[in-house]
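Please open the model in your viewer and keep the selection tool at hand, since each stop on this tour begins with something to select.

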Amino acid sequence: MSWITEYVRPKIRGLLRRDVPDNLWTTCDSCSQMVLTKELRKAQNVCPHCGHHMRVLVNDRLAWTFDNGEFTRIELPLAPVDPLGFRDQKKYTDRLKDARAKSHLDESLVVAHGTIGGHNAVVGVMAFEFMAGTMGAAFGERFVAAARLAILQKSPLVVFTASGGARMQEGVISLMQMPRTTVAVQMLRDAGLPYIVVLTNPTTGGVTASFAMLGDVQIGEPNALIGFAGPRVIQDTVREKLPEGFQRSEYLVEHGMLDMVVARKDLPATLARLIGLLTHAPADVKAPPPKPVAAPAAAAE
């Protein structure tokens with residue numbers, strides 16, 4: 001009896017058991033359906049059951065935007081760490097270390113250049129995986145550097161937003177990035193270069209109140225939450241029931257806050273067409289790749 005229980009049974013269990021990776025399936029945030037992670041990635045993180053556009057990691061966003069997934073990331077300027085010596089439940093410096101370890105990024109904005117539909121372009125992608133894409137001093141430095149690079153290359157700037165707003169650990173310094181990024185957008189306008197914003201879910205707070213709503217063309221991903229304060233906060237303030245779909249991208253298009261809502265799979269073609277129209281260049285013409293350059297110093301504006 002002991003031979004069967006101690007030897008035969010474990011062998012049978014070993015044959016029947018299959019190790020299943022923890023990340024084999026992904027649950028949709030909207031419809032709660034289980035989707036194979038491999039299939040979800042092929043669909044660019046769009047749920048095949050309900051069409052919900054899930055969040056995207058920075059490198060995937062860049063690969064899905066540029067021609068053939070080819071791009072060059074630029075080295076971005078640094079900013080003083082923890083300028084206020086802030087501490088809540090833990091030190092701000094410790095929070096930054098944790099965010100960098102988990103996301104493998106050093107800040108909430110990544111900038112790259114390459115071609116979209118054959119047109120040279122500089123693209124900035126906000127990383128929601130880094131402290132909810134919040135905006136601090138380092139973000140402001142990087143946004144200005146992205147604008148300067150676009151001007152240097154005479155290319156349009158495309159920014160994908162995904163943020164919880166200003167970074168509370170930097171207090172008023174974070175709020176100062178709102179006018180600073182606005183000045184950077186004005187630099188692009190003075191240079192006669194297009195500035196296109198793609199607002200993804202969620203885009204809120206000081207980001208929405210500054211550069212995110214200043215694009216020459218405003219594009220929203222389907223059903224993206226876009227607003228300054230959340231709907232629950234607004235409803236509790238005005239004490240009225242909000243309209244159906246309030247602060248979602250489709251609602252904002254109907255009320256003139258966005259120009260269009262574009263599905264993720266159609267974004268590269270749409271961006272290529274818009275860049276061609278705004279720069280008076282024919283679409284789908286292979287332009288020479290931009291020369292790699294170091295990020296220009298982002299002086300305080």
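Select K97, A101 and K102 in helix α4, which are exposed and lie on the face turned away from the buried side of this helix. Bear in mind here, and at every later stop, that you are looking at a predicted model. Now add the other side of the helix to the selection: Y92, L96, A99 and S103 of α4 are buried, and because these buried residues cover an arc of only 65° around the axis, they sit on the same side of α4. In an α-helix there are 3.6 residues a turn, so residues three or four places apart point the same way. Showing the whole of α4, residues 92–103, you will see 12 residues that reach 16 Å from the first C-alpha to the last, close to the 16 Å expected at 1.5 Å a residue. Step on to H104, which follows α4 and has a positive phi, near 60°.

Next, select helices α5 (residues 137–153) and α7 (residues 177–190), which pack with their axes 9 Å apart and at an angle of about 0°. An angle under 35 degrees counts as roughly parallel, and α5 and α7 are therefore roughly parallel to each other. To see the contact itself, display side chains on both helices: among the residues that α5 contributes are F139, F143, V144 and I151, while those from α7 include R180, V185, M187 and L188. Coloured by character, the residues of this contact divide into 11 nonpolar, 3 polar and 3 charged.

Move on to the loop between α9 (231–238) and α10 (249–254), and select L242, which has its place there. Is this loop residue buried or exposed? L242 has a relative accessible area of 18%, and since buried means under 20%, this leucine counts as buried. To find what surrounds L242, leave aside its neighbours within four places in sequence, and you will find it in contact with P231, I234 and Q235. If you then draw a distance from the C-alpha atom of L242 to that of R232, 10 residues away along the chain, the separation is 9.0 Å.

Finish at helix α11, residues 267–279, where 13 residues reach 18 Å from the first C-alpha to the last, close to the 18 Å expected at 1.5 Å a residue. Within α11, select L267, T270, L271, A272, L274, I275 and G276, which are buried. The last residue to pick is H280, just after α11, which takes a positive phi of about 60°.

Definitions and conventions:
Residues are numbered from 1 along each chain as its sequence is written. This is a predicted model: local features need pLDDT of at least 70, side-chain atom pairs count only at pLDDT 80 or more; totals for chains, interfaces and linings use all residues. Side-chain values use heavy atoms; hydrogens and water are left out. Axes are lines fitted to C-alpha atoms, for helices over the stretch in contact, and angles run from 0 to 180 degrees between N-to-C directions. Helices (H or I, at least four residues) and strands (E, at least two) are DSSP runs, numbered from the N terminus. Angles under 35 degrees count as roughly parallel, over 145 as roughly antiparallel, 65 to 115 as roughly perpendicular and the rest as oblique. Contact means heavy atoms within 4.5 Å. Ala, Val, Leu, Ile, Met, Phe, Trp, Tyr, Cys and Pro count as nonpolar, Asp, Glu, Lys and Arg as charged, and the others, Gly among them, as polar. The expected span of a helix is 1.5 Å times one less than its number of residues. Buried means under 20% relative accessible area, exposed over 50%, partly exposed in between (1.4 Å probe, protein chains only). The arc is that of the directions from the helix axis to the C-beta atoms.
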